[in-house]
Amino acid sequence: MNSILELKGKRFVQASRKPGSGGAAMNSKSIVTSAQLLKLESKLQQIKKFWEQEQKPFHGVLVSVHYNKIVAKSNRIAGLFKGVDSNFAIVGAKFNQEKTKHIITYFLNNCDLDETINLLLIANEIVRSLFKDGITKAIFDNKNLFNKITPKAHHMSKSTFRQIIADVSYIEDFEVEKASQQFKDSIITLYDTKMDTQLLFKTIGIDILSSRILDDRTVFLDENQAKILYEKAPYLVSMATENFLDLSPEDFMDSYHEGIVHIPSPTIEPVIGIIDTLFDTNVYFHEWVEYHDMVDDNIPKTSRDYQHGTAVSSIIVDGSRLNPWLNDGCGRFRVRHFGVATAAQFSSFTIIKQIKRIIAENRDIKVWNISLGSNQEVNDNFISAEAAILDQIQYENDVVFVVAGTNKPNNNIVKIGSPADSINSVVVNAVTKSGLSTKYSRKGLALSFFAKPDVSYYGGSEEQYIQVCEPLGAANVAGTSYAAPWIARKLSYLIDVLGLNREIAKAMIIDSARAWNEAPTPEEVSLYGHGVVPIKIEDIVQSKDDEIKFVVTDISEKWNTYNYHFPIPLKDDSYPYVAKATMCYFPTCDRTQGVDYTNTELNLHFGRIKNDGTLNEINDDKQNPDEDETGARSFILEGEARERFRKWDNVKYICEKPTEKKRSKKSYNNKNWGMEVKTNNRLDPKDGVGLRFGVVVTLKEIYGINRIDEFIKNCHLNGWLVNKIDVRNRIDIHEKVNEEIELS
């Protein structure tokens, strides 16, 4: 086996994007006609009248644009509404029922609506006089035809007219969205109308305590308060979820009780945080657990309330001894356990506030395990409030959450429940000992696009249960709750013992689950994520003899973060390899943006450097190109970019599949390979500044020859510092760093 190599010393270079030809781009499948312009103008007139008659508690209007496709940021409105600033007026985004079109909600001033109506009328006059048969893509791209437009004669500049035509080519309709009440006690998020939340509710007739406000727009309402809101202002509701979570039921419970042997006292082992139900301090491993009971003393507690939390902690502390078949080689871990709920139904709003406080007060812990989840299915159009808080915490803090994929409470519930829709977290589903999905596992995806769960692990089944320690002794259990702690152990080992950052650690976990094969089907991803993680930690931190595996990490500061100094060994002036790479990062997210949840997109490009200086990429990705010599850029459709290249997902996996026909790749003048990380932002360009990424690259030698020593030598010659991720050496360092020194 080869050690995985950590390459350091040659920083990535930052480069801004070259200014392109710019200008508006029209939908090639649309024909913009006078009738369409008048239809949209008439609809906005109706919406204007609606808001004039409505006793609304805020200044301004909400308008939802029904686009005719899934639109890229560059195809959103940029001439109507607020013009180039329209993107900043977006307060919500969702898909239609078929998941084929965007519905984006904007908050505008009254004058913005009037100006848009006027622009459509002027544009219609130009179309009627100069383009009687409508405007196609071919006409739109013929600049000579637009030279007839003069600002003085037509009361509109040529560039403004082109942008409005481009906007309309992507618009199907305008509407005012109105929500209907779904739950009794609810966590409700309002559209941002630039008004203080408490004052807004008071105007409606709802007195709400400040303690029930989670952030600027998310509140907890009881049944009566929610009823008033939906009756008086249903157009304010952006999203709503039930306030109550249930402890996901464990399946195939077959408990028995017996004594457990002695365990030594803890020393310098890493600490994993657990947020769960209560912990029994009388169990044999209690010395390894620092317990904090955060449940209100007025809430009655029974013995059942201590079972789940104690069982989860037992896997973190002593899982390998309790389950020899799952001995991962990671040893034992200490636990800081926060009991935030009983086994009965509990308030997710309360737990959200507690989690924020817990993380803020325990910044020394890097890995957190959450095996609590909702019995309700996640919504296809927005992330749950619980998951959004986890994503925000992970963006703002150097931590990673491991979340159970939730279990089926009954056969009618199929999709995962919150907070398993957390995008930044590592979400874990369960498999049997044979590696097949368990009958209690629920399915992703999140927002009908993001790959959730991330990975799968052994959670117990009738074939082989997971043994845990409960308050009365040993118990055989099964559930995603008991799969997640094993991944938390591995992540803590990679971060706290081996000293890797969380981005690389997460990438290594996901990379270890992916085989050299074709991309899994959506059905497979929804159940298994990227695959089943190996049991042994050695199989994650080592590679096969015919593989060169290395990790790199850096920070994105500009549009292109690149490094062209990867000296891959040659054989007869060609490269006898197939390659794959996995990248992870933790972007800022905005729940109010609905399906367009992640604010920043990092796109990974890796391959040989061609003679013209561009990359011959291993996955033939045509996204984010620089201009060619003519000043033009090639583009692919947004839907294709999401499906083929996981655009906007925060996990990127690119791969070449080994084939039976062995063929080396030709080399170019530049004998190095290059890596580029292209950064795009939906809203604020600053969102992607300072965003760290971690990449795991694997090169498989097609003839089975071990070329790692040659690669290490080449790296040294090219100025790289090469560190072998040697488990024994890293453990020695960890022990030295943490040993106590007595001063005489």
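Contact here means heavy atoms within 4.5 Å. The exercises below concern a predicted model.

**Exercise 1. Determine which residues are in contact with Y106, and place Y106 in the nonpolar core.**

Step 1. Neighbours of Y106 within four places in sequence are left aside. The contacts of Y106 are then V61, L62, V63, V65, Y67, R76, I77, F81, S86, A89, I90 and V91.

Step 2. The largest nonpolar core has 71 residues, and Y106 is among those with the most contacts inside it, together with F161, I188 and L229. Helix α2 (residues 110-130) supplies the largest share of this core, eight residues.

Step 3. A second, separate core holds 70 residues, including F333, Y440, V477 and Y482.

**Exercise 2. Describe the open sheet that contains strand β4.**

Step 1. Four strands form this sheet in the order β5-β6-β4-β7, and their pairing is antiparallel. Its edge strands, β5 (90-95) and β7 (171-175), each pair on one side only. From one strand to the next, the twist averages 20°.

Step 2. Four bridges link β4 (residues 61-67) with β7 in the antiparallel sense. H66 stands opposite D173 in β7.

**Exercise 3. Describe the six-stranded open sheet and explain why each of its edge strands has a free side.**

Step 1. The strand order is β30-β27-β33-β24-β2-β34, with mixed pairing.

Step 2. β30 (651-655) and β34 (721-724) each have a single partner strand, so one side of each lacks a neighbour in the sheet. Neighbouring strands are turned by 20° against each other on average, direction ignored.

Step 3. Strand β2 (residues 5-8) runs parallel to β24, and two bridges join them. L5 stands opposite F550 in β24.

Step 4. Helix α13 (residues 502-513) lies across β24, β27 (577-585), β30 and β33 (691-701), at about 35° to β33. Helix α17 (residues 708-717) lies across β2, β24 and β34, at about 10° to β2.

**Exercise 4. Decide whether K549 is buried or exposed, and identify its side-chain polar contact.**

Step 1. K549 belongs to strand β24 (residues 547-556).

Step 2. Buried means under 20% relative accessible area. K549 has 7% relative accessibility and therefore counts as buried.

Step 3. The side chain of K549 makes a polar contact with the side chain of T698 at 2.9 Å. Beyond four places in sequence, K549 touches residues including S3, I4, L5, D511 and K580.

**Exercise 5. Identify where caution is needed in reading the model.**

Step 1. The protein chain averages a pLDDT of 90, and 91% of the residues score at least 70.

Step 2. Over residues 627-634, pLDDT stays under 50. Where pLDDT is low, the predicted coordinates should not be read in detail.

Conventions
Residues numbered from 1 in each chain as written. Predicted model: local features only at pLDDT ≥ 70, side-chain atom pairs only at ≥ 80, totals over all residues. Heavy atoms only, no water. Buried < 20%, exposed > 50% of the residue type's maximum accessible area, 1.4 Å probe, protein only. Polar contact = N/O pair within 3.5 Å; in protein donor to acceptor, adjacent residues only side chain to side chain. Pairing = 2+ DSSP bridges. Axes fitted to C-alpha atoms, helices over the stretch in contact; angles between N-to-C directions. Core = buried A, V, L, I, M, F, W, Y, C linked by side-chain atoms within 4.5 Å. pLDDT = per-residue confidence, 0-100.
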